[in-house]
Amino acid sequence: MSCPDMAISDALKAAYRNRWNAWLRRRIPPTRDIVLNQRRVFIFLTSHGGIFTLLLLSLFVAGINYANNLLLGMCFLLGSLLVIAMHHTFANLSGLRITTRGTVPAFAGEPAGFSISLSNPNGRLYYSLMLDWADAHEMVSLVDQPREVTLYLHAERRGRFHPPRLKITTTYPLGLLRAWTWLDLDLDAVVYPRPVASDAMPVGAGEADEAESSRRRRPGQDDFEGLRSFVPGDPLAHVSWKHLARGQGMQVKTYSEPVSGSDTLDYMAMPGLDREARLSRLAWWVEKLHQTHQAYALHLPGRQIAVAHGPRHRLECLEALALFEVSEP
């Protein structure tokens with residue numbers, strides 16, 4: 001095929017795909033909670049169903065040609081079986097309720113999780129439902145209670161990851177027909193920059209940062225800090241036995257150590273690197289400081305996150321890195 005012919009073919013395919021997607025968006029718009037009905041469920045013959053239909057046609061032609069009532073009776077019997085299978089295959093998808101539950105963030109290059117709930121508000125049982133979501137596949141059935149499923153999709157770039165349409169298919173009970181639907185679930189997973197190890201911490205310059213960090217402390221083993229009530233699981237070596245002997249209850253000694261160096265991760269402290277390289281190194285240091293329970297701040301152009309620590313602070317910093325200079329859809 002010549003280049004002009006290939007270009008025309010590609011243009012026709014693209015036009016058809018755009019018209020199909022536009023029609024599908026009108027038919028099944030994005031949603032977070034949907035109940036399948038006859039407008040949202042499609043049904044057609046499988047390959048086995050096509051062969052079965054050809055068999056019915058052959059029996060009908062032979063029965064008419066030879067005036068054979070036995071062949072006609074067999075044709076009508078199998079035809080009624082096909083009609084009943086069509087009803088049950090459609091019913092195995094119709095009435096199903098799909099509700100979004102949430103997402104699991106990930107780093108670029110890793111799978112991000114998307115959770116949905118399948119329920120049957122009509123009390124009907126659903127068997128052999130195949131969930132196809134990009135490169136994730138899972139077979140589920142609803143026989144007693146709602147089912148929550150988490151599928152993991154590979155995320156390549158940082159930012160907000162909107163997954164493609166979820167395809168739910170069933171060929172129950174005979175495999176002669178296939179009923180399916182394409183759902184655009186209104187879910188977005190946050191994809192963090194891919195962490196890249198760095199030898200030098202990209203700290204922010206300034207006497208204020210150094211002065212503030214020199215006054216802060218973190219849990220450690222160096223200096224006695226105070227007493228707190230005993231919690232099951234605390235090491236007995238840290239119990240203040242003197243206070244216990246005085247009848248003041250069981251208390252535990254706590255220790256701390258000073259935090260050395262600057263606590264500010266600064267985007268501008270890495271000259272010579274492009275945007276993605278800087279974000280990757282900042283993400284690596286956020287993970288490292290979080291694992292060592294060290295408080296830190298994050299400075300990005302246009303946004304500053306104050307000094308803190310803990311899981312919530314980690315997620316706030318990573319999300320800021322993920323959405324930095326990312327245009328919203």
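The expected span of a helix is 1.5 Å times one less than its number of residues. Keep that handy for this tour of a predicted model.

**Stop 1: the helix.** Select residues 47-66, which make up helix α2. Put a distance on its end C-alpha atoms: they sit 29 Å apart, and 20 residues at 1.5 Å a residue should span 28 Å, so the two agree.

**Stop 2: the buried side.** Now pick G49, F52, L56, L59 and G63, which are buried residues of α2. Turn the view until you look down the helix axis: the buried residues fall within an arc of 75 degrees, so they line one face of α2. That spacing has a familiar background: an α-helix has 3.6 residues a turn, so residues three or four places apart point the same way. Want to see what covers this side? Add β2 (42-45) and α3 (69-91), which are among the elements covering the buried residues of α2.

**Stop 3: the other side.** Spin around to the face of α2 turned away from its buried side, and show S47, I51, L54, L57, N65 and Y66, the exposed residues carried there.

**Stop 4: the nonpolar patch.** Switch to a surface and colour L54, L57, F60, V61, I64 and F76, which form a nonpolar patch with about 610 Å² of accessible area together. Which helix gives the most to the nonpolar patch? Helix α2 does, with 5 residues. Zoom in on I64, which lies in α2: is I64 buried or exposed? With a relative accessible area of 53%, I64 is exposed, because the cut-off for that is over 50%.

**Last stop: the way out.** Step past the end of α2 to A67, which follows the helix and has a positive phi, near 55 degrees.

Methods. Residues numbered from 1 in each chain as written. Predicted model: local features only at pLDDT ≥ 70, side-chain atom pairs only at ≥ 80, totals over all residues. Heavy atoms only, no water. Patch = residues over 30% accessible without salt bridge, like charges linked within 9 Å, V, L, I, M, F, W, Y side chains within 5 Å. Areas by Shrake-Rupley, 256 points an atom, 1.4 Å probe, with all protein chains shown as cover. Salt bridge = Lys/Arg side-chain N within 4 Å of Asp/Glu carboxyl O. Helix = DSSP H or I, 4+ residues; strand = E, 2+ residues; numbered from the N terminus. Buried < 20%, exposed > 50% of the residue type's maximum accessible area, 1.4 Å probe, protein only. Arc of directions from axis to C-beta. Contact = heavy atoms within 4.5 Å.
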